[in-house]
Amino acid sequence: MLQVYLVRHGETVWNAARRIQGQSDSALTEKGEYQARQVGERARSLGITHVISSDLGRTRRTAEIIADACGCGVTLDARLRELNMGVLEQRPIDSLSEQEEAWRRTLLDGTVDGRIPAGESLAELAARMRQALNACFDLPAGSRPLLVSHGIALGVLIGTLLGLPAHAERRLRLRNCSLSRVDHQQSAWLAQGWVVETAGDVSHLDLPALDELQR
């Protein structure tokens with residue numbers, strides 16, 4: 001059985017300011033660095049052998065802290081990037097017009113072809129995230145990888161592993177530095193292939209997360 005751990009990056013300046021990041025970037029806050037150290041200590045106890053990260057700055061920094069705790073290096077994979085949010089990237093959520101907010105809501109409310117202009121669809125996101133997950137099969141036998149990615153990206157990945165369409169309503173809360181686990185297995189009582197063992201675990205964090213999902 002292959003176990004793969006999934007971590008959302010630590011809190012960023014723009015998370016706290018309620019600005020849309022997508023594939024744009026902002027640095028981890030002091031709390032975000034602390035969250036990364038805490039999930040790193042949790043990862044150390046799990047026998048992590050590989051840390052694979054989105055190549056965006058906030059995930060890279062989170063991954064570096066985790067990898068240092070686990071005594072391994074960081075491999076970058078652009079397929080783990082956040083959803084491209086097109087013309088709305090870098091914008092404060094509170095500044096959006098009625099039309100722009102409607103575009104944003106199509107990513108959350110189950111709209112089949114939801115997409116922000118000049119951005120990426122959730123189906124496109126799901127396809128590259130599944131490719132990145134399946135690349136773990138190429139690691140040496142006995143590996144226990146940890147992937148560092150983003151809130152919407154990981155939510156879509158976990159949802160599609162559960163059999164939901166990529167555009168399904170967004171109802172899974174993944175806080176900054178939350179930990180999830182998916183297993184590839186053959187069980188008599190589960191569908192063969194990928195299953196979700198845990199999602200959004202924050203028991204290793206001792207401070208409340210301040211991200212856009214709590215506002």
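User: How many bridges join strand β2 to β4?
Analyst: This is a predicted model, in which local features need pLDDT of at least 70, side-chain atom pairs count only at pLDDT 80 or more, and totals for chains, interfaces and linings use all residues. Residues are numbered from 1 along each chain as its sequence is written, and side-chain values use heavy atoms, with hydrogens and water left out. Strands are DSSP runs of E, at least two residues long, and helices are runs of H or I of at least four, numbered from the N terminus; two strands pair if DSSP finds at least two bridges between them. Strand β2 (residues 50–53) and β4 run parallel, and the number of bridges joining them is 4.

User: Which residue in β4 is the bridge partner of Ser53?
Analyst: Strand β4 covers residues 145–149. Within β4, Ser53 has as its bridge partner Val148.

User: Which residue in β4 does Tyr5 stand opposite?
Analyst: Strand β1 (residues 2–8) pairs with β4 in the parallel sense over 4 bridges. Opposite Tyr5 in β4 stands Leu146.

User: Which residues of β4 point the other way from Pro145, Leu147 and Ser149?
Analyst: In a regular strand, side chains alternate between the two faces of the sheet. In β4, 5 of the 5 residues are buried, where buried means under 20% relative accessible area, with a 1.4 Å probe and protein chains only. Pro145, Leu147 and Ser149 point one way, and the residues that point the other way are Leu146 and Val148.

User: What share of the 215 residues in the protein is buried?
Analyst: The protein has 6 helices and 6 strands. Of its 215 residues, the buried share is 51%.

How values were computed: Buried means under 20% relative accessible area, exposed over 50%, partly exposed in between (1.4 Å probe, protein chains only).
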